[in-house]
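Reader: I should be grateful for a close look at one part of this protein, the second largest pocket, with enough of the surrounding chain to place it. Please state the cut-offs behind each term as it arises.

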Amino acid sequence: MAQISRYTVDTPPAAPEREGTAHLILRAYAAFVIFSGFAHTAWWNLLGQGGAAVVLGLTTVATLAIWVPLLRRHGIRWRRLPWLSLAYVAWALVSVLWSGWPGATLLTWTLLAAGTLQGLFIAHQLTWHEILRALDVALKWVMGLSIAIELWVALIRREPLLPNFVSPPEGFDPHWYWVRGNLFDALIGDRIQGIVGNANYLGILCVVAFAVFAIRMATHPPHAAMQTVWIAIAAVLFVRSGSATALGAFGGAFVVLLAVLVMRRARTAGERSRRYLLFAGVGAVGAVLVFQLWDRMLGMLGRDGSLTGRDEIWTTVWRRAVEHPVVGNGFSSPWVPWDPAFDGWIVDHGLSVFHAHNMWLDVFFQLGAVGVILMFGVYAALTWRAWFFAVDRPRWDLDAQRPYSPVSMLAPLLVAMLLVQGLTESGPIMLWGWTLAVLLSFKLKLAPIVGVGADEAPVGTPAR
């Protein structure tokens with residue numbers, strides 16, 4: 001049947017429609033939200049407690065203002081929500097009923113809820129490639145500003161910098177510094193802290209940057225050669241941060257990368273089974289070697305057997321945690337240092353410690369065995385989905401030979417880093433670590449294949 005068209009055989013092909021300005025702004029806003037999460041301590045050190053709270057409040061309100069109208073227009077796939085993560089958030093709020101520090105519970109639950117909201121929002125509104133790009137932009141700002149502030153303090157200011165630019169008080173501890181100006185010291189000298197004001201924290205962000213920058217480079221973006229420059233900057237900051245936790249996270253991510261590449265070469269189910277057995281054997285041997293050589297490894301890293309005092313922190317927290325083993329003592333991530341329950345409880349270098357330096361112990365201390373079960377469910381489901389997201393060849397029809405997307409490596413590498421970090425830090429259960437866990441959990445359920453399906457198309461455009 002003939003159809004009328006305003007196009008003729010002589011009509012030249014039109015260029016594809018440019019991406020809408022609104023969506024470009026949305027992507028830029030998402031990058032700013034991620035940057036603010038990664039650099040939350042920088043906002044605190046720059047603007048103070050009140051200023052950091054204003055930044056958090058404005059981004060939360062802005063996200064709601066952007067997302068709610070879109071949800072009314074396009075809806076959401078409720079069954080794909082990360083319900084275990086939401087159950088953990090709900091249990092944290094319920095704990096105010098028996099919390100030993102209800103004020104701290106409500107305050108830090110607000111942070112948890114805001115981080116959860118941002119993770120859901122970004123996963124729902126951006127495609128996998130756009131999430132990678134937003135992470136790439138945010139981490140470049142963190143790396144670039146870290147180098148810039150270290151250079152400024154070392155070359156221009158020429159003296160260490162305290163938070164909020166205050167003058168050093170009498171008898172203060174050097175660990176209070178925001179930036180110490182050690183960039184040009186020898187490699188075996190003092191560690192640098194970057195814009196985030198913490199060497200361990202900076203080291204972990206460098207590991208995240210390695211993965212994001214490398215994956216982004218593998219997607220052949222414009223000016224791809226510049227990615228090597230950013231990887232080199234991250235490498236300088238990583239080495240100078242001197243973080244054993246970050247080194248462990250890098251090792252864990254590298255092992256996962258090798259395992260995924262090995263598994264991708266399996267052609268049959270039998271080959272996969274044999275490789276899983278191989279992984280189990282290598283893991284068992286590795287665990288024995290780590291156990292036998294633990295003290296020697298710590299010595300090589302310049303650490304003692306107490307893991308920089310963490311064993312004392314764990315012992316102290318455990319004693320308090322077992323007093324309420326089922327429901328916990330009440331949620332507070334991080335611990336609010338000015339609350340009487342935490343002020344002076346565990347002190348390190350004159351500062352009240354604000355987390356247990358182990359995510360599982362921290363959850364048990366705050367939310368008991370119920371919280372641990374929920375958190376285990378969150379990370380077990382996330383690990384399962386992230387693994388098969390990377391090792392299964394993309395397939396939605398009879399074609400079983402499609403190439404893997406480099407973006408499919410993003411989730412397993414980030415999950416590996418979070419889990420290794422969680423052994424000596426509580427970052428994966430709070431602030432940007434929790435936001436990243438929620439984001440990945442939701443996106444893996446929404447879009448288990450990169451670039452395919454309605455959930456991989458920008459809102460209001462046809463699915464790719």
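Author: Among contacts (heavy atoms within 4.5 Å) between residues at least 6 apart in sequence, 73% join residues at least 24 apart. The model is a predicted one, in which local features need pLDDT of at least 70 and side-chain atom pairs count only at pLDDT 80 or more, while totals for chains, interfaces and linings use all residues. Residues are numbered from 1 along each chain as its sequence is written, and side-chain values use heavy atoms, with hydrogens and water left out.

The protein chain holds 14 helices and 2 strands; these are DSSP runs numbered from the N terminus, helices being H or I of at least four residues and strands E of at least two. Of its 464 residues, 46% are buried, where buried means under 20% relative accessible area, exposed over 50% and partly exposed in between, with a 1.4 Å probe and protein chains only.

The pocket itself comes next. The second largest pocket contains about 650 Å³ of space. A pocket is an open set of points on a 1 Å grid over the protein atoms alone, with protein on both sides within 12 Å along at least five of seven lines, and its lining residues have an atom within 4 Å of a point. Grid points are joined across faces, edges and corners, and the volume is the space filled by probe spheres set on the points. The lining of this pocket comprises 21 residues, of which Gly-252, Val-255, Val-256, Ala-259 and Trp-387 are the closest to its centre. Two or more lining residues come from each of helix H8 (244-264), helix H9 (269-292), helix H12 (359-391) and helix H13 (410-421). H9 gives the largest share, with 7 residues. By class, 17 of the lining residues are nonpolar, 4 are polar and none is charged; Ala, Val, Leu, Ile, Met, Phe, Trp, Tyr, Cys and Pro count as nonpolar, Asp, Glu, Lys and Arg as charged, and the others, Gly among them, as polar.

Some details of the backbone complete the account. His-220 is found in the loop between helix H6 (199-218) and helix H7 (225-241), and its phi is near 60°, a positive value in a residue other than glycine. His-220 counts as exposed because its relative accessibility is 70%. Leu-431, in helix H14 (residues 431-446), is not a glycine either, yet has a positive phi of about 55°. With 31% relative accessibility, Leu-431 is partly exposed. Finally, the peptide bond from Ser-333 to Pro-334 is cis, with omega near 0°.

How values were computed
1 Å grid on protein atoms, 1.4 Å probe; cavity = no way out; pocket = protein on both sides within 12 Å on 5 of 7 lines; lining within 4 Å.
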